[in-house]
Amino acid sequence: MDIIKQLNWRYATKKFDATKKITDQQLDTLKQAFNLTATSYGLQTIAMVVVENKTKREQLVPHSYNQNQVLDASHLLVICIQEHVDATDVKKYYSNIKQIRNTPDHILKPYQEGLIAMLDKKTQAECQQWSKNQAYIALGNLMTVCANIQVDACPMEGFVPEKYDDILGLTKLGLKSVLLLPVGIRAEDDLFATLKKVRKPITETVIEI
Ligand SMILES: Cc1cc2nc3c(=O)[nH]c(=O)nc-3n(C[C@H](O)[C@H](O)[C@H](O)COP(=O)(O)O)c2cc1C
């Protein structure tokens, strides 16, 4: 399938087949795709929580405006941001670069100091907004990969993050949920699967100068 066919195949799945699971290999591809997502400076202040447990997911449905995708999907991916971002994250990042690439300290030091100074100027609320921007990039990346490997998915903002954080124990991990991506196999009777895509004419959204 070419990429445009794949992107037309994907749609925001409203009804998953609750009896079907994605394969371990597909799930592993999604985990790797999340981790390979580009982030600002490469700092990766986001995390993905994979929820398969049905009892937990049943509890989440009322806090998802009763959208049953969170329960019926094969797995529920919860994209989170770190509650706090500070110099410790930057130091960990640069020590990772040093270890992986064997880059000498004198080259890394100015970049590390510059990034710490930049973060020092931001409030935690600004850092959280910055991390949220990265979360949306991860969501888009995952959706495209899902289309590529024929996994159905529904991007979702419609949930109550504080309730998710509580039920999934995210607060004690220093995380805040920001986006959901239930993934699985579409139900045969999902009416949305056969609806035509509604998009503006491409000449309105793509401007050539
Ligand atoms: C950030 C974001 C949040 C969304 N939240 C929801 C949601 O909570 N529930 C839902 O059913 N669809 C949700 N959608 C799906 C959109 O309504 C859908 O992608 C859009 O109408 C285009 O349709 P298509 O994805 O089927 O092409 C969301 C999409 C995005 C990108």
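Let me start in the middle of the fold, with helix α7. Its buried residues pack against α1 (3-9), α2 (24-36), β1 (46-51), β2 (75-82), β3 (152-153) and β4 (175-184). Keep in mind that this is a predicted model.

Which residues of α7 are buried? Ser131, Gln134, Ala135 and Ala138 are on the list. So are Leu139, Leu142, Met143, Cys146 and Ala147.

Now the helix itself. α7 runs over residues 124-148, which is 25 residues. From first C-alpha to last, α7 reaches 36 Å. That is close to the 36 Å expected at 1.5 Å a residue. Look just past the end of α7. There, glutamine 150 takes a positive phi, about 60°.

Next, the whole chain. How many helices and strands does the protein chain have? Nine helices and four strands. In sequence order the pattern reads α-α-β-α-α-β-α-α-α-β-α-β-α. The C-alpha atoms fill a box of roughly 60 × 50 × 30 Å along the principal axes. The protein chain has 209 residues, and 27% of them count as buried.

Then contacts. Take those in the protein chain with a separation of 6 or more. Residues 24 or more positions apart account for 82% of them.

Last, the annotation. An unreviewed UniProt entry gives "domain: Nitroreductase" for residues 8-184. That label comes from the record. In the model, the span 8-184 is 50% helix and 15% strand. How far apart are its end C-alpha atoms? They lie 17 Å apart.

That's the tour. Back to α7 if you want to look around: its buried residues pack against helices α1 and α2, among other elements.

Note on methods: Residues are numbered from 1 along each chain as its sequence is written. This is a predicted model: local features need pLDDT of at least 70, side-chain atom pairs count only at pLDDT 80 or more; totals for chains, interfaces and linings use all residues. Helices (H or I, at least four residues) and strands (E, at least two) are DSSP runs, numbered from the N terminus. The expected span of a helix is 1.5 Å times one less than its number of residues. A residue is buried if 20 or more other C-beta atoms lie within 10 Å of its own, exposed if 12 or fewer, and partly exposed in between; C-beta atoms are placed from the backbone. Two residues are in contact if their C-beta atoms, placed from the backbone, lie within 7 Å. UniProt positions are given in the numbering used here, feature names are shortened, and annotations may be inferred rather than shown by experiment.
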